[in-house]
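Trainee: Could you walk me through one part of this model up close? I'd like the open sheet, strand by strand.

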Amino acid sequence: QVQVVESGGGLVQNGGSLRLTCVVSGNIFNEHPIQWARQAPGKQRELVASISSNGNIHTYSDAVKGRFSISRDNSNNTAFLQMNNLKPEDTANYLCSVSIQTSVYWGQGTQVTVSS
């Protein structure tokens, strides 16, 4: 019984910033890797960032490297995606997931729209 809920999306101008929040809840008693992905109409889901269970290792796709930053607060079962210098091509539904053993649990996502 794992729940993943994203929030923080919205409308932003080209060059603006947003901070997305991912709240993971349920019967979770250990730290687990967390990932952010995005999906736009007509495109496949794209992994954009991940963070290791202990928070020490961060990875980013080439498209967002240097602009996005992932972090986590395990005490509150929460992860974040700080998005800076947003571009119109970043427009997508952003989804969060948590990897627990052999399973991956995804949220429904939060919409990010970047205007020109």
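Mentor: Sure, here's the sheet, followed by a loop that starts from one of its strands. This is a predicted model, so local features need pLDDT of at least 70 and side-chain atom pairs pLDDT 80 or more, while totals for chains, interfaces and linings use all residues. Residues count from 1 along each chain as its sequence is written, and side-chain values use heavy atoms, leaving out hydrogens and water.

The open sheet has 4 strands (DSSP E runs of at least two residues, numbered from the N terminus), and they're ordered S1-S3-S8-S7 with antiparallel pairing. Pairing takes at least two DSSP bridges. At the edges you'll find S1 (2-7) and S7 (68-73); each has a single partner strand, so one side of each has no neighbour in the sheet. From one strand to the next, the twist averages 15 degrees (the angle between lines fitted to C-alpha atoms, N to C, on a 0 to 180 scale).

Now zoom in on the S1 end. Strand S1 runs antiparallel to S3, which spans residues 18-26, and 6 bridges join the two. One spot to find on screen is Ser7, which sits opposite Thr21 of S3.

Next, follow S8 (78-83) out into the loop that leads to strand S9 (92-100), and you'll come across Asn85. Asn85 isn't a glycine, yet its phi is positive, near 50 degrees. The residue is partly exposed, with a relative accessible area of 42% (under 20% would be buried, over 50% exposed, with a 1.4 Å probe and protein chains only).
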